[in-house]
Amino acid sequence: MMKKNIFLVFGLITMAAVLFASGNKEKIANTKVGFNVGDMASDFKLKNVDGRTISMADYKDAKGFIVIFTCNTCPFSKMYEERIDLLNQKYESKGFPVLAINPNDATKQPDDSFEEMAKRSKNKGYSFPYLYDESQAVATAYGATRTPHVYVLNKKPKGLAVSYIGAIDNNHKDADAVTQKYVEDAVDSLLDGKAPKVTSTKAVGCTIKWKDA
């Protein structure tokens, strides 16, 4: 009799745990994390490698932004480094500057520290701001998961509309072999007053190194 009661209690506990877990999964699944295409993106204030604090509100004449979550250490970010700079050189004067943001936790990836960011920016001659998301609040708000991860924003009267999310192009290994320039195509469409034909792709890169909870 006692054994039956023990098994009954154990069964009830197991069932409760399963139901609790299922409820949590459903709650998590129904919780919106990050921006989708068509959402209005939030501005931010982050420290640039030159010591200045930068926000999108500082760019009074901007028509939009190419926000790229990237870092020093990820092999994919390194492969895209020159292409990111070329994007800024091409589109900054047209009203779509690049804002690069490093969201990695430096305790997990020491070479992604602010000091190392400043060194890399100087050595590589970045033409764009390289901002440090030390708290990871911006990456969390945007829903970034990888480096690099791109958000093309289009300035509208009611705010900054997310117009494209994803990869820079379709060949991370070889810039000369690229056949689809997702970010360029999106920005060119916006400059022509049109919606991008491709609004989202899968971001290909390293996972962001998140802080421990």
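P196 is buried in this predicted model, with a relative accessible area of 10%, and that falls below the 20% cut-off for calling a residue buried. As for where it sits, P196 belongs to the loop that links α5 to β10 (206-207). Setting aside neighbours within four places in sequence, the contacts of P196 are S163, A186, S189 and L190. The C-alpha atom of P196 also lies 9.4 Å from that of V183, a residue 13 positions away along the chain.

V183 turns up again in the packing of α5 against α2. Helix α2 spans residues 75-91 and helix α5 spans residues 182-191, and their axes come within 12 Å of each other. The crossing angle is roughly 15°. Angles under 35 degrees count as roughly parallel, so α2 and α5 are roughly parallel to each other. As for handedness, the crossing of α2 past α5 is right-handed. On the α2 side, the contact is built from L87, K90 and Y91, while α5 puts in V183, E184, V187, D188 and L191. Sorted by character, the residues of this contact come out as five nonpolar and three charged, with no polar ones at all.

Over in strand β8 (residues 149-156) there is H149. With a relative accessibility of 8%, H149 goes down as buried too, again because the value is under 20%. Its side chain picks up a partner in the backbone: the side chain of H149 reaches the backbone nitrogen of T145 at 3.2 Å. Beyond residues up to four places away in sequence, H149 touches quite a list, made up of V67, I68, F69, G143, A144, I165, G166 and A203.

The backbone has a couple of features worth flagging as well. One is the peptide bond running from T147 to P148, which is cis, its omega being near 0°. P148 itself is placed in the loop between β7 (146-147) and β8, and β8 is the strand that holds H149.

The other backbone feature concerns Q136. Here phi is near 65°, a positive value in a residue that isn't glycine. Q136 sits in the loop between β6 (130-132) and α4 (137-142). Buried or exposed, then, for Q136? At 4% relative accessible area, Q136 counts as buried, since the limit for that label is 20%.

How values were computed
Residues are numbered from 1 along each chain as its sequence is written. This is a predicted model: local features need pLDDT of at least 70, side-chain atom pairs count only at pLDDT 80 or more; totals for chains, interfaces and linings use all residues. Side-chain values use heavy atoms; hydrogens and water are left out. Axes are lines fitted to C-alpha atoms, for helices over the stretch in contact, and angles run from 0 to 180 degrees between N-to-C directions. Helices (H or I, at least four residues) and strands (E, at least two) are DSSP runs, numbered from the N terminus. Angles under 35 degrees count as roughly parallel, over 145 as roughly antiparallel, 65 to 115 as roughly perpendicular and the rest as oblique. A crossing is left-handed if the near helix is turned anticlockwise from the far one by less than a right angle, and right-handed if clockwise. Contact means heavy atoms within 4.5 Å. Ala, Val, Leu, Ile, Met, Phe, Trp, Tyr, Cys and Pro count as nonpolar, Asp, Glu, Lys and Arg as charged, and the others, Gly among them, as polar. Buried means under 20% relative accessible area, exposed over 50%, partly exposed in between (1.4 Å probe, protein chains only). A polar contact is a pair of N or O atoms within 3.5 Å; within protein, one must be able to donate a hydrogen and the other to accept it, and residues adjacent in sequence count only if both atoms are side-chain atoms.
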